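Trainee: Could you walk me through reading the charged contacts in a model like this one? I would like to learn the general idea and then look at the case at hand.

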Amino acid sequence: MVKESTLQVKMDSDVLRRAESLYSSVGTSLAEVLRLFTLKVLR
């Protein structure tokens, strides 16, 4: 799947920091989690 669009999301900086830390600890990123979540919802 070609990734050709950008999504900007505003959120509390503490929430962002905690989420990025969590996803990094399991070897992924917040961006990848959001992409996978969106694909799952659409199916």
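Mentor: Let us take the salt bridges in turn and then visit a loop residue. This is a predicted model, where local features need pLDDT of at least 70 and side-chain atom pairs count only at pLDDT 80 or more, while totals for chains, interfaces and linings use all residues. Residues are numbered from 1 along each chain as its sequence is written, and side-chain values use heavy atoms, with hydrogens and water left out.

Trainee: What is a salt bridge here, and how many salt bridges are counted?

Mentor: Side chains of opposite charge can pair when their charged atoms come close. The rule asks for a side-chain nitrogen of Lys or Arg within 4 Å of a carboxyl oxygen of Asp or Glu. By that rule the count is 3 salt bridges.

Trainee: Which residue forms a salt bridge with arginine 17?

Mentor: Aspartate 14 does, with the closest N and O atoms 2.4 Å apart. The two residues are 3 apart in helix H1 (residues 13-25), so about one helical turn separates them. Helices here are DSSP runs of H or I with at least four residues, strands are runs of E with at least two, and both are numbered from the N terminus.

Trainee: Where does arginine 18 lie relative to aspartate 14?

Mentor: Both are in helix H1, 4 residues apart, about one turn of the helix. Their side chains meet in a salt bridge at 3.6 Å, N to O.

Trainee: Is arginine 18 buried or exposed?

Mentor: Buried means under 20% relative accessible area, exposed over 50%, and partly exposed in between, using a 1.4 Å probe and protein chains only. Arginine 18 has 52% relative accessibility, so it counts as exposed. Aspartate 14 is partly exposed at 31%.

Trainee: What separates arginine 35 and glutamate 32 in helix H2?

Mentor: About one helical turn, because they are 3 residues apart in helix H2 (residues 30-42). Back in the other helix, salt bridges with shared partners join Asp14, Arg17 and Arg18 into one network. As for arginine 35 and glutamate 32, their side chains form a salt bridge at 2.7 Å, N to O. Arginine 35 is partly exposed at 27%, and glutamate 32 is partly exposed at 22%.

Trainee: Where is serine 29 placed?

Mentor: Serine 29 sits in the loop between H1 and H2, and is partly exposed with a relative accessible area of 34%. Its C-alpha atom is 8.7 Å from that of alanine 19, 10 residues away along the chain.
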